[in-house]
Every structure is written in structure tokens, then in C-alpha cells.
Amino acid sequence: MTLDSTAVVLTPEQKGLRDSALAFARKHLDHDPARAEEAGGFSRDAWLQCAKYGVQGLPFPENYGGQGESVEGTIAVMEGLGCGCRDHGLLFSINAHMWACMMPIHQFGTNAQKEKYLPNLCSGRWIAANAASEPGSGSDVFSMRTRAVRRGDDYVLDGSKMFVTNAPVADLFVLYATLDPEYGAAGICCFLIEKGTPGLTVSPPIGKMGLKSSPMAEVSLEGCRVPAGNLLGQEGRGVPVFHGSMVWERACILATCVGSMARQLEECVRYARERSQFGNPIGKFQAVANRIVDMKIRLDLSQMLVYRVGRLMQASSPADMESAIAKLYISEAYVASSMDAVRIHGGYGYTTEYPYERQLRDAVGGTIYSGTSDIQRNLIARSLGL
Ligand SMILES: Cc1cc2nc3c(=O)[nH]c(=O)nc-3n(C[C@H](O)[C@H](O)[C@H](O)COP(=O)(O)OP(=O)(O)OC[C@H]3O[C@@H](n4cnc5c(N)ncnc54)[C@H](O)[C@@H]3O)c2cc1C
């Protein structure tokens, strides 16, 4: 398998983690995502299989039901899963649950919050959704309008959240609101809101281009009372909670796509050797070979970038710029390589019989979620002092 590329030298332990995850995914998760797409289907069964394997709890402490795995070890598992599992909607849902929901609870939660929520989220019994975007605020996320007003021991929330991954199946919402839009970033608060809280409603699933087995919806809040004990972090200090979770998400969310790129490359090499036109295997045509070379270079660079940021995060070193670089490069590389995979397979590549049109549709999402590619460039420019 092309996962054995020499772009990054893993320790024997990390390699073992990656290989085991690949074997697990091949055995238990390699279901036909085309059928999952048709059924519109998030697979709770596959979700629970992953939880049983320990995926959702990978980097979280053992006393909360996690695996206590290092960041690089977690990335190795994610890469293996991305290579073996073709259902990238499922993997995206898991990533959204881990990085934008569990990680902020782990980093900013009180002991009571961690004890209440992390074991349920590690075990997969509960599914979490992060609700920051709104119909009128995406990239400019802190211009949100959803209001939180303190009333006695509660906050009362009113507003609307958009593009919330996992919302239709979520048990817990990590939701951002403002004390007053006039306060800007200083008014942002983060709340933990359980499913079934009166005043919180979830719309029917929103149809989208790809990642179809990862359900998404709009979340509305109308007089939704949330106990003050469910504030995550301090009042008006939601920005560090959001930033922290975004650095983790940008760093790690695309490790599964790196695994998928390795599988794409291997399949394209095989096809280019087997498919003949004009009396030659198509791989003998320089145009086709060059496309495959570009795919290989993108894969190697993606691996280097994701493990680099993993190393920094493991060492608790600042990684704002490196996580934005990894997010930007890998997401765009996955789109470009998926497009190349379609081209290499010609008419077959365009059909739903082959996985490449779906991978292309899935890949485009990566250039938008966790901040668009334009926003990653802005973050990198800011880190460079521009
Ligand atoms: C698959 C998927 C899953 C998602 N899951 C979640 C989720 O779970 N929770 C959640 O809260 N949100 C989620 N989102 C929403 C996502 O975070 C936003 O779509 C994204 O931040 C962009 O916001 P927007 O859609 O409002 O676009 P806009 O911010 O309106 O941007 C429109 C265009 O303008 C560009 N632009 C805007 N501002 C600038 C600027 N300053 N400089 C340069 N260009 C700029 C953008 O790059 C884009 O091209 C998800 C989105 C997708 C596609």
C-alpha cells in the first residue's frame, strides 16, 4: 500500500497504529459509500464500530474513557482509516465530533463538564455537533447574532446556527452565542446544550454536494434556557475556546484525506498500467504519467505537513500558522488529486461505478469547512506579520 511512502519516517509504534487502523477499516468500514449516499445515510453502526475500536477517544485521557494516544499516533490512525474506509462522510463526522467538540471540552471544561460529557463522547454513545456559523456569518464568525442573555441561574438563547455537521443525530451541541453583537469578539460565549433542551430545534438535513453520509442541519434557538453551569470557558471568553478548537481541527481533520490520497494514487498507478490505448498502457503516455507524478508529490507533501503539525501540537508548541498551512495545502491537494483520478480513469472516472467523482465532491468540502482556503491564506499572512 502506498501508505508506506518515505515522505515521513514513522516510529514502529506509529506505523503499527496506522497499519492496524487500515486493517480495521478494510474489514469493518469498507462498505459501499455510493449506497450510503443513496440512502442519505449516516451509519450509526459504523460510528459505534469506530468508537469500539477507540477512534473517537484517541487523544483524550484514559480516565475519561479515551486512549491517551499522542497527536502523531492519532494522526497515524486517522491516515490508516482514511485509506481503508471509503465513506469519508463518516470520517468527517467523527473528526467534527472530536476536534470542534470534544477537544474544547477537554481543554476548557470544568471537571464536572469533562466527567459528564467526555466518557459519553469517547464511547460513541453520544454524538456532538459544533454550531458556530450562522446564515449571515461564516468567515466573519464573530459577527454572529445569536444572543445569550443572563437570567438568574440560566442563559436564554435566541438565534439560528447554520451548516451544523452532525446536528440531525447530535446529543450535544457546542454552540457559540454573543452577549451583545456590539461587543464583537469580547461578547462571544460557548455553551454546552443537550439535545431535547426546550427551545432548541434542528431542521431537516440540508442536502449538499458531497460528504453526504455526514448529516448537516440548521439549529434554531427560541427562548432556549441553558444552565449557567453549561458555559464552556468564561463568559465573554468564547474566542479562545473557538480558536483552540480550530487549530486542532485544521491540524488533524485532513489526516483521513491523506490516507484517501494514498489509496487513490495506488489505484491510479494500477489503472495506468492495465488500461491500454493506441497499443500502449496509458501510463506510458507522459501526460498521464505526469498527472500521477503530481499526485505522488501532493501526497508526500501532505503527509509531511500533517505530521509536522502533529509534532508541534504534541510538543504544545504554537502551531497556528502550520495548522493553517496543512489545512490549506491538503484540502486543495485532495481536490486536485481527485480531479486527476477522474481524468486518469476517463469516462469510467466520471461514473458513479468508480469512487473518484464522489471523492472529488467530498474533497471540495475541505476547502470550505474549518475556514475557507482564502481564510487560511489570511491566517498565514497574519502569522507572517502582514
Ligand atoms: C461540509 C461543511 C461542513 C461544515 N460544518 C460546520 C459545522 O459543523 N459547524 C459550523 O459552525 N460551520 C460548519 N460549516 C460552515 C463553514 O465553516 C462555513 O461555510 C465557512 O466558514 C465559510 O462561511 P460562509 O459559508 O458563510 O461563506 P462566506 O464567509 O460568506 O464566504 C464567501 C466567500 O467569500 C470569501 N471570503 C469571505 N471573507 C473573506 C476574507 N476576509 N478574505 C478573503 N475571502 C473572504 C470566502 O473565502 C468565500 O469564498 C461547514 C461547511 C461545510 C461546507
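**The shell around the ligand**

Visitor: Which element supplies the largest share of the shell around the ligand?

Guide: This is a predicted model, in which local features need pLDDT of at least 70 and side-chain atom pairs count only at pLDDT 80 or more, while totals for chains, interfaces and linings use all residues. Residues are numbered from 1 along each chain as its sequence is written, and side-chain values use heavy atoms, without hydrogens and water. Among DSSP runs (helices of at least four residues, strands of at least two), β1 (128–131), β3 (154–165) and α13 (373–383) each bring at least two residues to the shell. The largest share, three residues, belongs to α13.

Visitor: How many residues surround the ligand?

Guide: A residue belongs here if one of its heavy atoms lies within 4 Å of the ligand. The closest are Ser133, Ser139, Phe163, Thr372 and Asp374, and the full number is 16.

Visitor: Which residue places a polar side-chain atom 2.8 Å from a nitrogen atom of the ligand?

Guide: Polar contacts are pairs of N or O atoms within 3.5 Å, and a backbone N or O atom of Phe163 lies 3.1 Å from a ligand nitrogen. The side-chain partner at 2.8 Å is Thr165.

Visitor: What percentage of the ligand's exposed area does the protein bury?

Guide: Areas follow the Shrake-Rupley method with a 1.4 Å probe. Taken alone the ligand exposes 970 Å², and the buried part is 64%.

Note on methods: Polar contact = N/O pair within 3.5 Å; in protein donor to acceptor, adjacent residues only side chain to side chain.
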